[in-house]
Amino acid sequence: MTGLYLSALTLSHFRSHKSARLMLDARPVAVHGPNGAGKTNLIEAVSLLSPGRGLRRAAAQDMARRPEALGWKVSALLHSVTGVHEVETVSEEGGARQVRIDEKSATQLALGRIARVLWLIPAMDRLWIEGAEGRRRFLDRMTMSFIPGHADAVLAYEKAMRERNRLLKDQVRDAHWYLALERQMAETGAEIHANRQQALALIAGAQMQAETAFPAADLDLVQTEGEMPEGADDLREALAESRFRDLVAGRTLVGPHRADLYGVYAAKGVPAADCSTGEQKALLVSLILANARALSRDFGAPPILLLDEVAAHLDATRRAALYDEICALGAQAWMTGTGPDLFAELGARAQHVHVTDTDGTSRIEQHAP
Ligand SMILES: Nc1ncnc2c1ncn2[C@@H]1O[C@H](COP(=O)(O)OP(=O)(O)O)[C@@H](O)[C@H]1O
Ligand SMILES: [Mg+2]
């Protein structure tokens, strides 16, 4: 079976890592070490092997190692369904990050086609109870894992919307200024909506077929207000109709940027937002696993998973179940936790990495379990 995994990873001047090199195989990676050692920094570097700003959504310059601030580089040997690729991403002196694939300059979209990376981080623990933006981002990340071009649609939509919002703020009333922008928003907006629906259908399908210790979530794509017009023509009309209201609000009130993801703990019929903290976390783990299962079928390999501090929040039974499911999937899941004991159940099914910190410089040691 072809998989999706990193067989080598090199970090240069990336946050607390001055220079680190890991040689890996396809197994999951258990990353342990004390607080502040540089574990999350390590998996953040892996997250930059996919499009976007990585798991902390940080600016390129913030990831440059201080105090030098010379820029940074992350490179890897990526085994994908299309073969083995040398992937490199670099920020020079705080500049926007560049991507190279097989020594040729490449777009983030090209990177997204070969590398699918999904993550769960502690900041997402409040995903179900906080604002819609976080849930939209989570949904878009899942959608991108199936449809890499989704990222481009989102960027194009947002760019056109920013321009339209500028017109609204300037109280421009002349319709002809709006037409081209609204056509662009309608086309990309309808695509975004369709992509999201497709991703949710794939995830629902994967949840239905799976035997898993994690609770299924029923997911619904809703609008924070009103209805989402189906199709580009309806969206274009809705934007034109909304113009007067939008002029008063000073921003666009209709479109996929007002979508929200409504989740229900299926077995109990309870909205995710009303579930216990532990249940909310279990729902997220469940969705990530369902996404990974769906991708195995759709893309030919499960994604690389980055699970920051997930083990600590699960009881021993759930933790063992998570490890079993990850191993059954064959995903290279990078999991962090403070102590090696958290990963004891994985044993030799995983490769183990210990991270320590001395005077602000992280050190990585690979060892047998
Ligand atoms: N740009 C940077 N340059 C140097 N050190 C950094 C930078 N960004 C964060 N750090 C350091 O990294 C450490 C946190 O690393 P992190 O990976 O979050 O730890 P943990 O092992 O707990 O996950 C902190 O001590 C922080 O000061
Ligand atoms: Mg951490």
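This report describes a predicted model of a protein with one numbered ligand discussed below.

## Overall build

The predicted model contains eight helices and 15 strands. Along the principal axes, the C-alpha atoms of the protein fill a box of roughly 65 × 50 × 35 Å. A compact globule of 369 residues would have a radius of gyration near 21 Å, and the protein has 21 Å, so the value agrees with that expectation.

Of the 369 residues in the protein, 47% are buried. When contacts with a separation of 6 or more are considered, 72% of them are accounted for by residues that lie 24 or more positions apart.

## Helix H5 and its two partners

Two packed helices are described by the angle between their axes and by the distance between those axes. For helix H3 (residues 132-146) and helix H5 (residues 176-209), the axes come within 9 Å and cross at roughly 80°. Angles of 65 to 115 degrees count as roughly perpendicular, and H3 and H5 are therefore roughly perpendicular to each other. On the H3 side the contact is made by Leu 139, Met 142, Thr 143 and Phe 146, while H5 contributes Asn 195, Arg 196, Gln 198, Ala 199, Leu 202 and Ile 203. By class, the residues of this contact of H3 with H5 divide into six nonpolar, three polar and one charged.

H5 also packs with helix H7 (residues 277-298), at an angle of about 100° and with the axes 8 Å apart. H5 and H7 are therefore also roughly perpendicular to each other. In this contact Leu 202, Ile 203, Gly 205, Ala 206 and Gln 207 of H5 meet Leu 287, Ala 290, Asn 291, Arg 293, Ala 294 and Asp 298 of H7. The contact of H5 with H7 has six nonpolar, three polar and two charged residues. Leu 202 and Ile 203 of H5 take part in the contact with H3 and also in the contact with H7.

## Surroundings of ligand 1

Ligand 1 is surrounded by 15 residues, of which the closest are Ser 16, Lys 39, Thr 40, Asn 41 and Arg 66. Sorted by class, the shell around ligand 1 has three nonpolar, eight polar and four charged residues.

Arg 66, one of the closest residues to ligand 1, is joined to Pro 67 by a cis peptide bond, with omega about 0°. Pro 67 lies in the loop between helix H1 (39-47) and strand E4 (71-80).

## Backbone details in the loops

Most residues other than glycine have a negative phi, and most peptide bonds are trans. Arg 57, although it is not a glycine, has a positive phi of about 55°, and this residue lies in the loop between H1 and E4. Arg 57 counts as exposed because it has 11 C-beta neighbours inside 10 Å, where the limit for exposed is 12 or fewer.

Glu 103 is another residue other than glycine with a positive phi, here near 70°, and it lies in the loop between strand E6 (98-101) and strand E7 (104-106). With 8 other C-beta atoms within 10 Å, Glu 103 is exposed.

## A residue in helix H8

Asp 324 lies in helix H8 (residues 316-329). Asp 324 has 15 other C-beta atoms within 10 Å, and so it is partly exposed. Although Asp 324 and Ala 213 are 111 residues apart along the chain, their C-alpha atoms are separated by 9.9 Å.

Technical notes
Residues are numbered from 1 along each chain as its sequence is written. Chains are lettered from A and ligands numbered from 1 in the order in which they are written. This is a predicted model: local features need pLDDT of at least 70, side-chain atom pairs count only at pLDDT 80 or more; totals for chains, interfaces and linings use all residues. Axes are lines fitted to C-alpha atoms, for helices over the stretch in contact, and angles run from 0 to 180 degrees between N-to-C directions. Helices (H or I, at least four residues) and strands (E, at least two) are DSSP runs, numbered from the N terminus. Angles under 35 degrees count as roughly parallel, over 145 as roughly antiparallel, 65 to 115 as roughly perpendicular and the rest as oblique. Two residues are in contact if their C-beta atoms, placed from the backbone, lie within 7 Å. Ala, Val, Leu, Ile, Met, Phe, Trp, Tyr, Cys and Pro count as nonpolar, Asp, Glu, Lys and Arg as charged, and the others, Gly among them, as polar. A residue is near a molecule or strand if its C-beta atom, placed from the backbone, lies within 6 Å of it. The radius of gyration is taken over C-alpha atoms; the globule rule is 2.2 Å times the number of residues to the power 0.38. A residue is buried if 20 or more other C-beta atoms lie within 10 Å of its own, exposed if 12 or fewer, and partly exposed in between; C-beta atoms are placed from the backbone.
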